[in-house]
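Biologist: Please give me a close look at a single part of this model. I want the packing, with cut-offs for each term.

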Amino acid sequence: MAETALCRYPCPNCNTDLEQEGYMIIETHDEAPTRQLLNDEINMAQCHECNHTSRLNIPLLYHDSHQELFIIYVPELAHLGPEQLADTIRYPYGQLVTQEAERRGIELPEPDAAAFPEGQEELRTQPGAKFHALTQEQAGNLLPEYLLRPTIVDTFEVLRTAVQAALDGMTGQEVVDDMVRLQLINNIISAEDPIARRKVMHHAEPYLTDELYEVIDTLGDQMRSEGQNELVEKLQWVKDQIEKYKSAQKQRLAKSKNKPANE
Ligand SMILES: [Zn+2]
């Protein structure tokens, strides 16, 4: 079942204090919020002072039990350390896994007192307490692996595309592979300068394959049908950048091969 939370935050444009309910967990069978997500309308809020529209700055967990897809959208992920990230998603994550365990008839053991040390006792009453009290080994033995390794993304468009792909019949693993490619495309676009861009491609060299081009083409078709011509051009530009990088790599390789050994 979808879960919402009341979100209090300052308007990013005029700083007015705002309050709005937003989704934190969406399951595939939650039709209305899933549709909102696909339409890019989920968790949008409008400021009553300046009319500025923005997406609520809260994590959004999407879960497809059938395709075993579990994605967590975390806005401004880059600014969070590992502990802050864990704190940010802790509550909905525990809740989601606990619900799924129940659905699958998996019984989680009662947490013992030691699991919640002094100062953290209130966590004991949270819906995810049993899950968070598990050791890594217990969790690994009891729960399906995909629940323990959610894919965390900070780009809403990536989440949206992944959800659509799962609804179109792709398995969670296939979706995750594609998401790595989408994230890569995004990183190529948003790299600050040519050197940063080259680094991005260098780190992702195993992904610079025909499958990546397929994803770019699919995305391009989708953007074209939505009339987002600027993005279509951007994607073509990404392809050109990859081609450039690959041919430069090839030349470098050829050069180093032709180099006499004593040089
Ligand atoms: Zn405002």
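Modeller: Two strands pair if DSSP finds at least two bridges between them. Helices (H or I, at least four residues) and strands (E, at least two) are DSSP runs, numbered from the N terminus. The model is predicted, so local features need pLDDT of at least 70, side-chain atom pairs count only at pLDDT 80 or more, and totals for chains, interfaces and linings use all residues. Residue numbers start from 1 along each chain as its sequence is written.

Start with the sheet. It is open, with five strands in the order 1-2-5-6-7 and mixed pairing. Strand 1 (3-10) and strand 7 (151-153) form the edges. Each has a single partner strand, so one side of each lacks a neighbour in the sheet. From one strand to the next, the twist averages 20°. Angles run from 0 to 180 degrees between N-to-C directions, and axes are lines fitted to C-alpha atoms, for helices over the stretch in contact.

Inside the sheet, strand 5 (residues 60-64) and strand 6 (residues 69-73) run antiparallel, joined by five bridges. L60 faces Y73 of strand 6.

Now the helices on the sheet. Contact means C-beta atoms, placed from the backbone, within 7 Å. Helix 6 packs on the sheet and touches strand 5, strand 6 and strand 7. The direction of helix 6 makes about 165° with that of strand 6. Helix 2 lies across strand 1, strand 2 (17-27), strand 5 and strand 6. To strand 5, helix 2 runs at about 15°.

Helix 6 (residues 156-167) also meets helix 7 (residues 172-190): their axes come within 10 Å and cross at roughly 150°. The two helices are therefore roughly antiparallel (angles over 145 degrees). The crossing is right-handed (the near helix is turned clockwise from the far one by less than a right angle). On the helix 6 side stand V158, T161, A162, A165 and A166. Among their counterparts in helix 7 are V175, M179 and L182. The contact residues divide into seven nonpolar, four polar and one charged. Nonpolar covers Ala, Val, Leu, Ile, Met, Phe, Trp, Tyr, Cys and Pro; charged covers Asp, Glu, Lys and Arg; the others, Gly among them, are polar.

One loop residue reaches back to helix 2. G128 sits between helix 2 (82-103) and helix 3 (129-133). G128 lies 32 residues from L96 in sequence, and 7.8 Å from it in space, C-alpha to C-alpha. Leaving out residues up to four places away in sequence, G128 touches Y91, Y93, G94, Q95, V97 and T98.

Notes
Two residues are in contact if their C-beta atoms, placed from the backbone, lie within 7 Å. Angles under 35 degrees count as roughly parallel, over 145 as roughly antiparallel, 65 to 115 as roughly perpendicular and the rest as oblique.
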